[in-house]
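Colleague: I am new to this one and would like to learn how to read its features. Could you walk me through them?

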Amino acid sequence: FLANPRYRSHLAATRAGAVILGRNEPPAAIPTLLAADPYFAFACAIDLFHVPAPLPDGIHPTAVVAASATIGPDARIGPHCVVGEHVV
């Protein structure tokens with residue numbers, strides 16, 4: 001994405017398959033998505049392609065689980081999570 005016009009000169013050398021430009025930017029020689037806010041459009045696009053890694057089974061070593069909590073056998077509790085007293 002190009003959110004700052006001072007980097008426009010780098011478009012000629014980019015190996016990107018496409019670029020996100022502001023609506024007021026001059027046309028580029030590569031496929032272009034025009035957006036009111038290129039930075040925000042890029043953030044939304046990244047969210048479409050990001051596939052988070054699945055959590056491993058069980059309780060992460062950094063999680064804090066109260067002794068009175070009941071955790072199901074198939075539960076996955078990630079890093080730095082806190083499970084309070086009497087939680088099921």
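Colleague: How many aromatic pairs does a search of the whole structure find?

Modeller: The search finds two aromatic pairs, and please keep in mind that this is a predicted model.

Colleague: How do I read such a pair?

Modeller: A pair of aromatic rings is described by the distance of the centres and the angle of the planes. Here, Phe-1 and Tyr-39 lie 5.4 Å centre to centre with 75 degrees between the planes, an edge-to-face pair. This pair links distant parts of the chain, 38 residues apart: Phe-1 is in the segment before β1 (19–22), and Tyr-39 is in helix α1.

Colleague: Which residues do ring pairs link into a cluster?

Modeller: The cluster is made of Phe-1, Tyr-39 and Phe-42. Phe-42 has its place in helix α1, residues 38–49.

Colleague: Why does Tyr-39 count as exposed, and not as partly exposed?

Modeller: Exposed means over 50% relative accessible area, and partly exposed is the range from there down to 20%. Tyr-39 counts as exposed because its relative accessibility is 54%. Phe-1, at 40%, counts as partly exposed, and so does Phe-42, with a relative accessible area of 32%.

Colleague: Which residues make the nonpolar surface patch?

Modeller: Phe-1, Tyr-39, Phe-42 and Ile-46 make the patch, which covers about 400 Å².

Colleague: One last feature: how many disulfides does the structure hold?

Modeller: It holds zero disulfides. As for cysteines, Cys-44 is partly exposed with a relative accessible area of 36%, and Cys-81 is partly exposed with 33%.

Note on methods
Residues numbered from 1 in each chain as written. Predicted model: local features only at pLDDT ≥ 70, side-chain atom pairs only at ≥ 80, totals over all residues. Heavy atoms only, no water. Patch = residues over 30% accessible without salt bridge, like charges linked within 9 Å, V, L, I, M, F, W, Y side chains within 5 Å. Areas by Shrake-Rupley, 256 points an atom, 1.4 Å probe, with all protein chains shown as cover. Salt bridge = Lys/Arg side-chain N within 4 Å of Asp/Glu carboxyl O. Helix = DSSP H or I, 4+ residues; strand = E, 2+ residues; numbered from the N terminus. Buried < 20%, exposed > 50% of the residue type's maximum accessible area, 1.4 Å probe, protein only. Disulfide = S-S within 2.5 Å. Phe/Tyr/Trp six-rings, centres within 6.5 Å; stacked < 30°, edge-to-face > 60°.
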